[in-house]
Amino acid sequence: MRNISISEMDSFISNIDITQEDPYLKTYPIFIQYFKDQNELTENNIIIGISLVYSWMPRILKNLNLDNIAKATEIFNKAKSGNAVNKEELKLLIKTFDNSLVGVSKLLHFINPNMYAIWDSKVYISLYDKKPNQNSIKNPDKYLEYLKWIDGIKQDPAFEEFFLKMKTLLGNDITEFRAVEYALFKKAN
């Protein structure tokens, strides 16, 4: 994974043209609020959540393994309460939800945007300077490395200024994880 500096991320957003008509910008705070309003997530919340996630993806949800929904709900409640999800738990979530770490990362982010970032092929391209293959984009180790990297970059003194710029662009309701992910996403566009 490349070590991207704050100034480099700043350059990714220098020419962003944000329109408030962007459906992602309109739905983002609603999705975040939906999960914030739930004291404890139920299986129904998770099924609704993965359906919301797939409205942000170019393809439909094809495989939903409801045999694992009780355990998946426990894992998402763990994430909601601020506890880190581990590699084995990510594997179970991926297996449950369309064999997609991209979908799982989006649901984790909507549930706890202060701890989890969205992971997709655009973010991967920005971090690795190459297109992902099927194994690399759903590799839990790479996702966990990405989260750790964001935690590290947030400690940089220059991060606060970058974050304030992103809040101005996207709205004050974004988190540090969303700010970094959005910049990486835009770089690969």
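Select serine 121 first and colour it by accessibility: at 34% relative accessibility this residue counts as partly exposed, because that class lies between the buried limit of under 20% and the exposed limit of over 50%. Keep in mind throughout that the model is a predicted one. Serine 121 belongs to helix H7, which covers residues 121-128. Now show the neighbours of serine 121, leaving aside residues up to four places away in sequence, and you will find that it touches Pro132 and Ile137. For a sense of distance, add serine 7 to the selection; this residue is 114 residues from serine 121 along the chain, and the two C-alpha atoms are separated by 22 Å.

Next, move to helix H4 by selecting residues 69-80. If you draw a distance between its end C-alpha atoms, the value is 16 Å, which agrees with the 16 Å that its 12 residues should span at 1.5 Å a residue. Which residues of H4 are buried? Display the side chains of Ile69, Ala72, Thr73, Ile75, Phe76, Asn77, Ala79 and Lys80, since these make up the buried set of the helix. While you look along the helix, recall that an α-helix has 3.6 residues a turn, so residues three or four places apart point the same way.

With those side chains still visible, bring in what lies over them. The cover of the buried residues of H4 includes helix H2 (23-36) and helix H3 (43-54), and also helix H5 (87-96) and helix H6 (101-111). Then step just past the end of H4 to glycine 82, where the backbone takes a positive phi of about 95°.

Finally, clear the selections and view the whole chain as a cartoon. The protein has 11 helices and zero strands, so that every element you pass from the N terminus on is marked α. Turn the C-alpha trace along its principal axes, and it spans about 45 × 35 × 30 Å. A compact globule of 189 residues would have a radius of gyration near 16 Å, and the 16 Å of the protein agrees with this.

Switching to a surface display, you see an accessible area of about 9400 Å², of which 48% belongs to carbon and sulfur atoms, while buried residues make up 47% of the 189 residues. Among contacts with a separation of 6 or more, 68% are accounted for by residues 24 or more positions apart. As a last step, colour by charge: the 24 positive and 24 negative charges have mean positions that are 5 Å apart.

Note on methods:
Residues numbered from 1 in each chain as written. Predicted model: local features only at pLDDT ≥ 70, side-chain atom pairs only at ≥ 80, totals over all residues. Heavy atoms only, no water. Helix = DSSP H or I, 4+ residues; strand = E, 2+ residues; numbered from the N terminus. Rg over C-alpha atoms; globule rule 2.2 N^0.38 Å. Buried < 20%, exposed > 50% of the residue type's maximum accessible area, 1.4 Å probe, protein only. Contact = heavy atoms within 4.5 Å. Areas by Shrake-Rupley, 256 points an atom, 1.4 Å probe, with all protein chains shown as cover. Lys, Arg positive; Asp, Glu negative; His and termini not counted. Charge placed at Lys NZ, Arg CZ, Asp CG, Glu CD. Expected span 1.5 Å × (residues − 1).
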